[in-house]
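Welcome! Take a moment to look over the sequence and the fold, and then let us walk through them together.

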Amino acid sequence: AGSLWPEEDKLYGHVHELQALAVSPDGRWLASAAKANQATDAAIRLWSVAEDGRLTPAVLLSGHTLTVCRLRWSPSGGLLLATSRDRHYSLHNPANGRMLKLVEGHARIIWDAAWLDEQHF
């Protein structure tokens with residue numbers, strides 16, 4: 001039996017199924033996050049994308065304690081925004097693997113986010 005959507009490749013590194021993926025505007029980076037019920041599984045994995053499409057693990061970004069729901073690159077590709085089930089949003093500098101901000105923003109899960117302006121960070 002076949003599938004309507006045959007598998008082309010796999011992204012290894014997460015313990016659980018993927019929840020969020022985002023490609024940087026220049027196509028050089030892929031950020032991924034998986035379902036998580038504890039902080040050790042809630043890390044964001046950053047992958048370097050080669051010209052031939054091969055992925056190389058680059059940086060592990062931590063800070064959240066539950067599933068990261070959405071990943072959004074800034075328009076310049078220099079910052080990564082993440083929202084989470086832990087009711088926080090975070091801002092990361094993927095170039096050095098540092099988290100710039102972790103903000104408790106809401107009383108409930110933050111499902112999504114969008115960039116308006118990155119000049120204030």
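Two strands are said to pair if DSSP finds at least two bridges between them. With that in mind, look at strand 3 and strand 4: 6 bridges join them, and the pairing is antiparallel. One bridge to look for sets Trp47 against Pro57 in strand 4.

Before going further, please note that this is a predicted model. The mean pLDDT of the protein is 88, and 91% of the residues score at least 70. Among the elements, strand 5 (residues 68-73) has the highest mean pLDDT, 96, while strand 8 (residues 98-104) has the lowest, 88.

## The open sheet

The pair you have just met belongs to an open sheet of 4 strands, in the order 1-2-3-4, with antiparallel pairing. Strand 1 and strand 4 (55-61) lie at the edges, and each of them pairs on one side only. From one strand to the next, the twist averages 25°. As general background, the strands of a sheet pair through backbone hydrogen bonds, either parallel or antiparallel.

Leu11 makes a good link to this part of the fold. Leu11 sits in the segment before strand 1 and touches Leu18, Leu21, Leu30, Ser32, Trp47 and Leu55, leaving aside neighbours within four places in sequence. Between Leu11 and Trp47 there are 36 places in sequence, yet their C-alpha atoms are 9.9 Å apart in space. With a relative accessible area of 23%, Leu11 is partly exposed.

## Strands 6, 7 and 8

Now follow the chain to strand 6 (80-84) and strand 7 (88-93). These two strands run antiparallel and are joined by 4 bridges, and Leu81 stands opposite Leu91 in strand 7. Their hairpin has 3 residues between the strands. In that loop you will find Arg87, which has a positive phi of about 75° although it is not a glycine.

Strand 7 also pairs with strand 8, again in the antiparallel sense, over 6 bridges. His88 has Glu104 in strand 8 as its bridge partner. Here the hairpin has 4 residues between the strands, and Gly97 in the turn shows a positive phi of about 75°.

Is strand 7 largely enclosed or open? Of its 6 residues, 5 are buried, so strand 7 is largely enclosed by the rest of the structure.

## The nonpolar cores

In soluble globular proteins, nonpolar side chains tend to be buried together. The largest nonpolar core in this model has 12 residues, including Ala20, Ile44, Leu61, Trp73 and Leu80. Strand 1 (18-23), strand 2 (29-34), strand 3 (44-49), strand 5 and strand 6 each give two or more residues to this core. The most comes from strand 5, with 3 residues.

Ala20 shows how this core is put together: not counting residues up to four places away in sequence, Ala20 touches Ala31, Ser32, Ala33, Val68, Cys69, Arg70 and Leu71. There is also a second, separate core of 5 residues, among them Leu79, Leu81, Ala113 and Trp115.

## Some residues to visit

The table sets four residues side by side by their exposure.

| Residue | Relative accessible area | State |
|---|---|---|
| Ser74 | 0% | buried |
| Thr83 | 1% | buried |
| Leu11 | 23% | partly exposed |
| Arg87 | 34% | partly exposed |

Why does Ser74 count as buried? Buried means under 20% relative accessible area, and Ser74 has a value of 0%, which is why it counts as buried. Ser74 lies in the loop between strand 5 and strand 6. Leaving aside neighbours within four places in sequence, Ser74 is in contact with Pro25, Leu79, Trp115 and Glu118.

Thr83, your last stop, is in strand 6. At 1% relative accessibility, Thr83 is buried too. Which backbone oxygen does the side chain of Thr83 reach? That of Ile110, at 3.1 Å. With neighbours within four places in sequence left aside, the contacts of Thr83 include Val68, Cys69, His88, Tyr89, Ile110 and Trp111.

Terms used
Residues are numbered from 1 along each chain as its sequence is written. This is a predicted model: local features need pLDDT of at least 70, side-chain atom pairs count only at pLDDT 80 or more; totals for chains, interfaces and linings use all residues. Side-chain values use heavy atoms; hydrogens and water are left out. pLDDT is the predictor's confidence in each residue, from 0 to 100. A nonpolar core is a set of buried Ala, Val, Leu, Ile, Met, Phe, Trp, Tyr and Cys residues joined through side-chain atoms within 4.5 Å. Buried means under 20% relative accessible area, exposed over 50%, partly exposed in between (1.4 Å probe, protein chains only). Contact means heavy atoms within 4.5 Å. Axes are lines fitted to C-alpha atoms, for helices over the stretch in contact, and angles run from 0 to 180 degrees between N-to-C directions. A polar contact is a pair of N or O atoms within 3.5 Å; within protein, one must be able to donate a hydrogen and the other to accept it, and residues adjacent in sequence count only if both atoms are side-chain atoms.
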